[in-house]
Each structure stands twice: as structure tokens, then as C-alpha cells.
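These are review notes for a first reading, set out as numbered points. Please keep the structure open beside them and look up each residue as it comes.

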Amino acid sequence: MPINAGYFFKEAGTSFKRNWVMSFGAVVTIFLSLLLIGVSLLIGNVASSLIAGQEQKVNIQVFIKDDASQTDVEGLQRKLQTNDLVKQVDYVSKDQAFARFKRQTQQTPDIARNLEGNPLPASIEVQLHDTHNVQKVVNTIKATPEFKNIASPPNDPSQSIRYGQDIVKRLFNFTRVLRVVGIVFIVMLAVVSLIFINNTIRMAIYARRNELAIMRLVGASNWFIRMPFVFEGMMQAIVGSLMAIGVMLALQFLALPKIQNTIRFMPFGSTNGYIWVVSLILIAGGVLIGVFGSWIAMRRYLKV
């Protein structure tokens, strides 16, 4: 028997109008839930881009004592260059370090002028393919005999390595917490939407219980009775998701540019392409929530 989608849409629309208060409540609940999910995804994307930018700045500096053997320095460089976790190894001489210091303090040039000579040590700077491997590379450096020979001070070689230990730990911990909180938050909102659609469909079924009993008596199949409720849940979810997408687009093109102009020192990643991905996710998620919520309601409360 061919499926008459027009009939099901008509029946869903009739039920939507008949129980417009509950349907409106379901649409608003879905709208708010999906809006919060969408905004959470956008904020998570921006936060991820900010964190990724900070992670890229995490590198390892190995300070070299002034009387270190060039053989040891080059030996350590070669070992680091052959390490699969290392992206790039650069040697920074004392003069280069001092020139960099002058550039960083050019707003207060008296600091550099008042220094006697050049107190800054030479160093080896190590960039990684994945900053999550920073501790592994640090442990590898500490285990090499060349490092112990060039470390300054020699009595405490660990002081010769700088990689922002506390910052790295906090950054990675924050990333993990952000992901877990985001997932829990999205799941909670999805469950709330499911519950509200479930209740709305239950009310629609109860309001039409006599009509459904007659349809069953005249031989209507189970799927024929159920489909209008599935379409009704889909309609509620689609309307709610489109409303959420509209608000997100307004935030994207009206509010976000003002925020970026206000906080220029923070490099926001572009969300122009990502917002359309989020829009598709919201529509698909809304339809899934609508269908699933309707199906649960019918399994529990529709006696056919």
C-alpha cells in the first residue's frame, strides 16, 4: 500500500492546531533546547580554536650554559631532530636571545640598557607535532647525556628546561572538562526535549482516543494510525530547530562581530562555515528527537 504523505501531514497539522497550546509548548521547549545546544557547539568551537592557538604556542626551551661543548649541543639537536614527536628544532644564540629580549621590552628600553653585558643564555627551542606529547619529549631530553653536559645550572639540570608546566597541565585539564561538560549538557537538553514531545503526543493521543478506536475497528493498520503522530513530532521539532537556527544566525552576523571588535586581543576562529554545520546538526537532531519522542509515547500509551 503506497504511503500518502500528504494525508499524514494534513492529519499532523490538524492535531497541531487542535492541541496548539501543548504543541506551542513543545515547539518552544525544542527551540530553547536546540538553541542552547547550538550556542554551546559554537562556543565550544570558539573555545577550541582559542585553546588550539594557545597549544601551538607551547614549546620546549633548553637553556645552554655559556661554556657548553658545541659537540654536546649539536648532539642533542640531532637526537631531537630524529624524534618522531618533534616538528622543528632551532638553536638560539646568546646574541639572538638578547635581540629578542630588546624587541619584547622596546616599550621600556631602559631595562635592556641597564643590563651589564648579555646575561641571557643560548637555548634550543623545540616545537612538537602534538603538544600533548610535551612531557614525553621533556623526559627524553632529561635522559640524554648531552643535556646533562650543557645544562645550566649543572647541579640542577631540570632548571634548564622551560615548557610552561603549570600552564600546559591547566590547559589540557580545561580542554577535557570542557568536552565532558559540553556532552553532558547536550544530552540533558536532548532528554528534556524528548520528555516534552512525549507528553505532547500523549495528550494528542488521549484527545483522539475515540477516533483512534474507530479507526482500529474499521481495519486501519498500526503504522497508519501511528504515522500522523510521528509527523506531528517531526513538525514540532523542525519548527523549533528552524527558530533556533534563525536566532543563531542573528547572533553570528550581528552580535559576534561586535564581540570580536571589543576583544581584539583574543583571536576568535571563523565560525562562518561551522554555523551551517551546526544548523544541519540541529535539524537532523530535531527530527530525530521528534520521531523518537513520538515513537516512545505511542509504544507506551497508544493501545492498538
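1. Start inside the sheet, at valine 62. The bridge partner of valine 62 in β3 is isoleucine 124. Valine 62 also stands opposite isoleucine 161, which belongs to β4. Isoleucine 60 is bridged as well, and its partner in β3 is valine 126.

2. Before going further, note that this is a predicted model. The protein chain has an average pLDDT of 75, and 71% of the residues score at least 70. Confidence is lowest in helix α1 (residues 5-18), where the mean is 63, and highest in α3, where it is 90. Where pLDDT is low, the predicted coordinates should not be read in detail.

3. Now the overall make-up. The protein chain holds 11 helices and four strands. It has 304 residues, and 37% of them count as buried. Among contacts with a separation of 6 or more, 84% are between residues 24 or more positions apart.

4. In what order do the four strands of the open sheet lie? The order is β2-β3-β1-β4, and the pairing is antiparallel. Because β2 and β4 (161-162) stand at the edges and have a single partner strand each, one side of each is left without a neighbour in the sheet.

5. The pairs can be taken one at a time. β2 and β3 run antiparallel and are joined by six bridges. Across this pair, tyrosine 91 stands opposite isoleucine 124 in β3. Five bridges join β1 to β3, again antiparallel. β1 and β4 are antiparallel too, with two bridges between them.

6. How many residues of β1 and β3 are buried? In β1, four of the five residues are buried, so the strand is mostly covered by the usual cut-off of under 20% relative accessible area. β3 is also mostly covered, with six of its seven residues buried. As background for viewing the strands, side chains in a regular strand alternate between the two faces of the sheet.

7. Two helices should be viewed together with the sheet. α3 lies across β1, β2 and β3, and runs at about 160° to β2. Helix α4 (residues 94-104) also lies across β1, β2 and β3, but runs at about 95° to β2.

8. The length of α3 can be checked by hand. Helix α3 (residues 70-81) has 12 residues, and at 1.5 Å a residue it should span 16 Å. Its end C-alpha atoms are 16 Å apart, which agrees with the expected span. At the N-terminal end of α3, serine 69 acts as a cap: one of its side-chain oxygens lies 3.2 Å from the backbone nitrogen of threonine 71.

9. Which residues of α3 are buried? They are Asp72, Val73, Gly75, Leu76, Gln77 and Leu80. The buried residues of α3 pack against three strands, β1 (60-64), β2 (86-92) and β3 (122-128), and against two helices, α6 (134-143) and α7 (145-150).

10. Glutamine 77 is a useful single case from helix α3. Its relative accessibility is 13%, and because buried means under 20%, glutamine 77 counts as buried. Leaving out residues up to four places away in sequence, glutamine 77 touches Val89, Tyr91 and Ile124. Two of these contacts have appeared above, since tyrosine 91 stands opposite isoleucine 124 under the bridge pairing of the strands.

11. Alanine 112 is a second case, in helix α5 (residues 110-113). Alanine 112 has a relative accessible area of 12% and is therefore buried. Apart from neighbours within four places in sequence, alanine 112 is in contact with Phe98, Phe101 and Lys102. Alanine 112 and alanine 99 are 13 residues apart along the chain, and their C-alpha atoms are separated by 9.7 Å.

12. Is histidine 132 buried or partly exposed? Histidine 132 is partly exposed, with a relative accessible area of 42%. It is found in the loop between β3 and α6. Histidine 132 and leucine 85 are 47 residues apart in sequence, while their C-alpha atoms are 10.0 Å apart in space.

Methods
Residues numbered from 1 in each chain as written. Predicted model: local features only at pLDDT ≥ 70, side-chain atom pairs only at ≥ 80, totals over all residues. Heavy atoms only, no water. Expected span 1.5 Å × (residues − 1). Buried < 20%, exposed > 50% of the residue type's maximum accessible area, 1.4 Å probe, protein only. Contact = heavy atoms within 4.5 Å. Polar contact = N/O pair within 3.5 Å; in protein donor to acceptor, adjacent residues only side chain to side chain. pLDDT = per-residue confidence, 0-100. Axes fitted to C-alpha atoms, helices over the stretch in contact; angles between N-to-C directions.
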